[in-house]
Amino acid sequence: MRDRRGGGLLLTGASGFVGQSLLARWLARTDRPVTVLVRAADDRAAQARIEALLADGPKRRAPLRALASDVTDCDPADIVARVRAGGHDVDEIIHSAACVRFDQEIGDARAVNVAGTARMVEVAQRLHAERPLRRYVQVSTAFVAGAHAGPFGEKDRRIGQDFRNTYEQSKIEAEELVTGPAGAGLPLQVVRPSIVVGDRESGWTAAFNVLYVPLRALVAGAVDAVPEQDQGLLDVVPVDYVADGLLGLSDAPADGRTYHLTAGRHAITVGQLADLACRATGRKPPPRVSAETFVQTLSATAAGRVLAANLGDYLPYLDVRTTFDAAGAEAHLAPRGIRVTPVSDYLHRLIAFAQERRWGRLRRVRGVAPSLTTG
Ligand SMILES: NC(=O)c1ccc[n+]([C@@H]2O[C@H](COP(=O)([O-])OP(=O)(O)OC[C@H]3O[C@@H](n4cnc5c(N)ncnc54)[C@H](OP(=O)(O)O)[C@@H]3O)[C@@H](O)[C@H]2O)c1
């Protein structure tokens, strides 16, 4: 049956972790067309790239078209012309493409996350002028809260916080851009996930970063203690919640408001994660030691030194003191059956999947459903 909501989706970041999961859902659930902007030499290569990611995915209902585009140097007028030439109607845009590295120079982070957003906002304005859009979604991050300690709500933005890295800084600047004059008149939503981990059912992930680095060390027994300052908060959300949430907000007010896709009250501490991970793999919960002893322990073994090196950029995320309030998003999503659950409920599946994929060293394992079937 035809989906009565009509128009199609223009999606950036479709080859990424969140984008793959979102695209798989869209293609399986609706017959509304989707156009994806993908980095590639030309449109044919863009289509081939996305088709390869979809290769073993579920049956598709929606037509899919890929256009080659890099958000750092595309021409918005050209994008609009190519979208129109493709014959796909667009009534919503989800801008998910971003540079998510924490170690970029600020200029490089801004080139993708801020200037790239400016181009997508111009695409949106041009399309909106021709035929009104239902929504433009700016995928941001809850960590625009930076190093703020205490509650951070959906209405909060600049509250005097310091930033841990250029990623956080450039993402808040992108929010300011879309909610400023550039985005005026657009039906705008800003959506902020926290730390995105694998799928609750299958454990599938495309990214083995952030939480997976200490998790791997714990599971491998590379650390046999954790620092006694283990009260840092881990606000973790599964990718299926983020993808369902992004789609489920399609009929929520798009008037410039922000929605948090965060765990909130389900956030756990670093210490709880360590205990859970050990329990899930049959190890004894690690003892707490002083920070000094912990550092000495790490530097005493080769595995510990590897962990310390890998943890580098992620270490500041083990000492988060922010609590996220997601009242607006939850009020809209819970009645639609889209709910966040504690990571303790599905951590064992994340670990099992990560072990099967050897923590990212194997892209696919025979017998394991490929990413897009499970996303
Ligand atoms: N993962 C998380 O924990 C998390 C948490 C909070 C918010 N977010 C936000 O969620 C969104 C998606 O993140 P993700 O985890 O899916 O990241 P990801 O896996 O690194 O994917 C990033 C996507 O952006 C695309 N991209 C990067 N630079 C581009 C450019 N110059 N032009 C066009 N496309 C470009 C990438 O394309 P290529 O495949 O060509 O590189 C990829 O499709 C981002 O906005 C991020 O800030 C993520």
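These legends go with four close-up views of a predicted model.

**View 1. Around the ligand.**
Let's start with the ligand, which has 25 residues around it. Ser15, Arg49, Asp70, Tyr167 and Ser194 are the ones that come nearest. Arg49 has a polar side-chain atom sitting 2.6 Å from an oxygen atom of the ligand. Tyr167 also reaches in with its side chain: an N or O atom there is 2.6 Å from an oxygen atom of the ligand. With Ser96 the backbone is what counts, as one of its polar backbone atoms lies 2.9 Å from a ligand oxygen atom.

**View 2. Helix α1 against helix α8.**
Here we look at α1, covering residues 17-29, and α8, covering residues 239-248. The two pack with their axes 9 Å apart, at an angle of about 55°. An angle like that is neither under 35 degrees nor in the 65 to 115 range, so α1 and α8 are oblique to each other. Their crossing is right-handed. On the α1 side, look for Phe17, Val18, Ser21, Leu22, Arg25, Trp26 and Arg29. They meet Val239, Asp240, Val242, Ala243, Asp244, Leu246 and Leu247 of α8. Sort the residues of this contact by class and you get nine nonpolar, one polar and four charged.

**View 3. Helix α3 against helix α5.**
Next up is α3, residues 76-85, whose axis comes within 8 Å of the axis of α5. The crossing angle is roughly 50°, and α3 and α5 are therefore oblique to each other. As α3 passes α5, the crossing is right-handed. From α3, the residues to find are Pro76, Ala77, Ile79, Val80 and Arg84. Across from them, α5 brings Arg119, Glu122, Val123, Arg126, Leu127 and Glu130. What classes do the residues of the contact of α3 with α5 belong to? Six are nonpolar and five are charged, with no polar ones.

**View 4. Helix α5 against helix α6.**
We stay with α5, which runs over residues 115-130, and turn to α6, residues 166-179. Their axes come within 9 Å and cross at roughly 25°. That angle is under 35 degrees, which makes α5 roughly parallel to α6. The crossing in which α5 passes α6 is right-handed. Thr117, Ala118 and Val121 are the α5 residues in this contact, and they meet Ala174, Leu177 and Val178 in α6. Among these residues, five are nonpolar, one is polar and none is charged.

Key
Residues are numbered from 1 along each chain as its sequence is written. This is a predicted model: local features need pLDDT of at least 70, side-chain atom pairs count only at pLDDT 80 or more; totals for chains, interfaces and linings use all residues. Side-chain values use heavy atoms; hydrogens and water are left out. Axes are lines fitted to C-alpha atoms, for helices over the stretch in contact, and angles run from 0 to 180 degrees between N-to-C directions. Helices (H or I, at least four residues) and strands (E, at least two) are DSSP runs, numbered from the N terminus. Angles under 35 degrees count as roughly parallel, over 145 as roughly antiparallel, 65 to 115 as roughly perpendicular and the rest as oblique. A crossing is left-handed if the near helix is turned anticlockwise from the far one by less than a right angle, and right-handed if clockwise. Contact means heavy atoms within 4.5 Å. Ala, Val, Leu, Ile, Met, Phe, Trp, Tyr, Cys and Pro count as nonpolar, Asp, Glu, Lys and Arg as charged, and the others, Gly among them, as polar. A residue is near a molecule or strand if one of its heavy atoms lies within 4 Å of it. A polar contact is a pair of N or O atoms within 3.5 Å; within protein, one must be able to donate a hydrogen and the other to accept it, and residues adjacent in sequence count only if both atoms are side-chain atoms.
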